[in-house]
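User: Please take a close look at one part of this molecule, the central strand pairing, and set out in a connected account how its surroundings are built. A formal description that follows the residues in turn would be most useful.

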Amino acid sequence: MAVSAPRPVGIDTLLARVREGLDRVEAEEAYSAAQAGEALLVDIRYSALRERDGLIPGALVVERNELEWRLDPQGSHRAPEATSHDLRVVVVCNEGYASSLAAVSLHQLGLHRATDLVGGFQAWKAAGLPVTA
């Protein structure tokens, strides 16, 4: 008996499904967790957005296409911050969409505490949290 391919879903449906498995955080919570050393903020925005809007001080900048390689604690190309599968990672994109998909990808690598920032960098900035040029 042949196995049928999964039924296609639209991006809105996929996004809603993946977010059900994430404990997404608001900007103030992400800031507090990072300040307390309880979370690693990872900025996956592309360089033009970082240049235009600035950076979150202390956030690890990792281009989206390198994320899994840099955060896999077992990987040969891991960032020094990628110390454990228990690491609480908060992925930050521009508006909080791509970061949800990225966080689920990190879950698949075993980073079970990975999540993302609701509203992304724009929500961080709107909350008046620190940004550097």
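Analyst: In this predicted model, strand 1 and strand 3 pair in the parallel sense over four bridges. Within that pairing, leucine 41 stands opposite valine 90 in strand 3. Strand 1 is also joined to strand 2 (residues 60-61) by two bridges, and these two strands run parallel. Here valine 42 stands opposite leucine 60 in strand 2.

The side chains of strand 1 may be considered next. In a regular strand the side chains alternate between the two faces of the sheet. In strand 1, Leu40 and Val42 point one way, Leu41 and Asp43 point the other way, and all are buried.

These directions can be set beside the nonpolar cores. The largest nonpolar core has 22 residues, and Val42, Leu67, Leu71, Val89 and Leu106 are those with the most contacts inside it. Two or more residues are given to this core by each of helix 1, strand 1 (40-43), helix 4 (67-71), strand 3 (89-92) and helix 5. Helix 5 supplies the largest share, four residues. A second, separate core of 14 residues includes Leu41, together with Ala27, Ala39 and Ala59. Thus Val42 is in the largest core, whereas Leu41 is in the second.

Valine 89 shows how strand 3 meets its surroundings. Apart from neighbours within four places in sequence, valine 89 is in contact with Leu40, Val42, Leu71, Leu106, Arg113, Ala114 and Thr115.

Helix 5 (residues 98-108) deserves attention in its own right. Its buried residues are Ser99, Ser100, Ala102, Ala103, Val104, Ser105 and Leu106. The cover over the buried residues of this helix includes helix 1, helix 4, strand 3 and strand 4 (115-116). Leucine 101, in helix 5, counts as partly exposed because its relative accessibility is 32%. Leu101 forms a nonpolar surface patch with Val9, Ile11 and Leu14, and together they have about 300 Å² of accessible area. After helix 5 comes glycine 110, whose phi is positive, near 100°.

Strand 3 also has a neighbour in the loop between helix 1 (11-20) and helix 2 (27-35), where valine 25 lies. Valine 25 is buried, with a relative accessible area of 0%. Leaving aside neighbours within four places in sequence, its contacts are Ala30, Arg88, Val90, Thr115, Asp116, Leu117 and Val118. The C-alpha atoms of valine 25 and glycine 120 are separated by 9.8 Å, although the two residues are 95 residues apart along the chain.

The same loop takes part in a charged pairing. Aspartate 116 and arginine 24 meet through their side chains in a salt bridge (2.8 Å, N to O). This pair links distant parts of the chain, with aspartate 116 in strand 4 and arginine 24 in the loop between helix 1 and helix 2, 92 residues apart. Aspartate 116 counts as buried, at 0% relative accessibility, while arginine 24 counts as partly exposed at 21%.

A further salt bridge joins the side chains of arginine 50 and glutamate 63 (3.2 Å, N to O). Arginine 50 lies in helix 3 (residues 47-53) and glutamate 63 in the loop between strand 2 and helix 4, so the pair ties together parts 13 residues apart in sequence. Arginine 50 counts as buried at 15% relative accessibility, and glutamate 63 as partly exposed at 26%.

How values were computed
Residues numbered from 1 in each chain as written. Predicted model: local features only at pLDDT ≥ 70, side-chain atom pairs only at ≥ 80, totals over all residues. Heavy atoms only, no water. Patch = residues over 30% accessible without salt bridge, like charges linked within 9 Å, V, L, I, M, F, W, Y side chains within 5 Å. Areas by Shrake-Rupley, 256 points an atom, 1.4 Å probe, with all protein chains shown as cover. Salt bridge = Lys/Arg side-chain N within 4 Å of Asp/Glu carboxyl O. Buried < 20%, exposed > 50% of the residue type's maximum accessible area, 1.4 Å probe, protein only. Contact = heavy atoms within 4.5 Å. Core = buried A, V, L, I, M, F, W, Y, C linked by side-chain atoms within 4.5 Å. Pairing = 2+ DSSP bridges.
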